[in-house]
Amino acid sequence: MTTTDESTATTVAYATEPTPRLDWAALAPDVFKAMVRLDAAAGRGLEPALRELVKIRASQINHCAFCLDMHTKDALAAGESVERIVQLSAWEESRHFYTERELAALELTDAVTVLTDGFVPDEVYERAARQFEEAELAQLIAAISVINAWNRFGVTCRRTPGHYQPGQFR
């Protein structure tokens, strides 16, 4: 990709865009449609901003560029601030940008996404349980699990970021 900065008349050459490995959605349309339905069901009862923060955070951890592109664009289109999105990768040091409820959700997102110890620590779960009613907590765990599944499809099949338009898959 090459662009010209008209203010300085310089040309910048970007790296070549990678080719996706596999169009799994086209090759497994029933799975894709089921994932879309599961994603919609998992998000019910949670605030849209919270859902997008969780999706962005899990996608950061999993290095899913396609999902980062999608969910940052959707969050911005829904009115989320650039500042809060930028600070997500360092949310523990930027706690003052988020509510206690959002912090509990982000901490749970990190724990569920990175199961290196094979479990979610009790104190992380308990903090989330104090911020969310049981039904909401069940939805939050579902939303975290679903974005992790999407990330695995995106990373494995090398979905290419940069082309998503907000709301495109709704």
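Among contacts between residues at least 6 apart in sequence, what percentage join residues at least 24 apart? In the protein chain of this predicted model, 67% of such contacts do.

**View 1. The whole chain, for orientation.**
The protein chain has 170 residues. Its secondary structure comes to eight helices and two strands. Read along the sequence, the pattern is β-β-α-α-α-α-α-α-α-α. The two strands thus appear ahead of the eight helices in that pattern. Along its principal axes, the C-alpha trace spans about 55 × 40 × 30 Å. Of the residues, 38% count as buried. The accessible surface comes to about 9,900 Å². Carbon and sulfur atoms hold 56% of that surface.

**View 2. The largest nonpolar core.**
This core has 28 residues. Leu108, Phe132, Leu140 and Trp150 have the most contacts inside it. Six helices each supply at least two of its residues: H2 (29-43), H3 (48-62), H4, H6, H7 (122-131) and H8 (134-157). The largest share comes from H8, with eight residues.

**View 3. Trp150 and its contacts.**
Trp150 is among the residues with the most contacts inside the largest core. This view leaves aside neighbours within four places in sequence. Beyond them, Trp150 is in contact with Trp24, Phe32, Met35, Val36, Asp39 and Cys67.

**View 4. A separate core.**
Apart from the largest core lies another nonpolar core. It has 10 residues. Leu53, Leu88, Tyr98 and Leu106 are among them.

**View 5. Helix H6, mostly covered.**
Helix H6 runs over residues 100-113 and has 14 residues. From its first C-alpha to its last, H6 reaches 20 Å. That is close to the 20 Å expected at 1.5 Å a residue. Of the 14 residues of H6, 13 are buried. H6 is also one of the helices that supply at least two residues of the largest core.

**View 6. A nonpolar patch on the surface.**
Leu76, Val82 and Val86 form this patch. Together they have about 260 Å² of accessible area. Leu76 lies in helix H4, which covers residues 65-77. Is Leu76 buried, exposed or partly exposed? Leu76 is partly exposed, because its relative accessible area is 40%, and partly exposed residues fall between the 20% limit for buried and the 50% limit for exposed. The helix that holds Leu76, H4, is also among those that supply at least two residues of the largest core.

Note on methods:
Residues numbered from 1 in each chain as written. Predicted model: local features only at pLDDT ≥ 70, side-chain atom pairs only at ≥ 80, totals over all residues. Heavy atoms only, no water. Patch = residues over 30% accessible without salt bridge, like charges linked within 9 Å, V, L, I, M, F, W, Y side chains within 5 Å. Areas by Shrake-Rupley, 256 points an atom, 1.4 Å probe, with all protein chains shown as cover. Salt bridge = Lys/Arg side-chain N within 4 Å of Asp/Glu carboxyl O. Helix = DSSP H or I, 4+ residues; strand = E, 2+ residues; numbered from the N terminus. Buried < 20%, exposed > 50% of the residue type's maximum accessible area, 1.4 Å probe, protein only. Expected span 1.5 Å × (residues − 1). Core = buried A, V, L, I, M, F, W, Y, C linked by side-chain atoms within 4.5 Å. Contact = heavy atoms within 4.5 Å.
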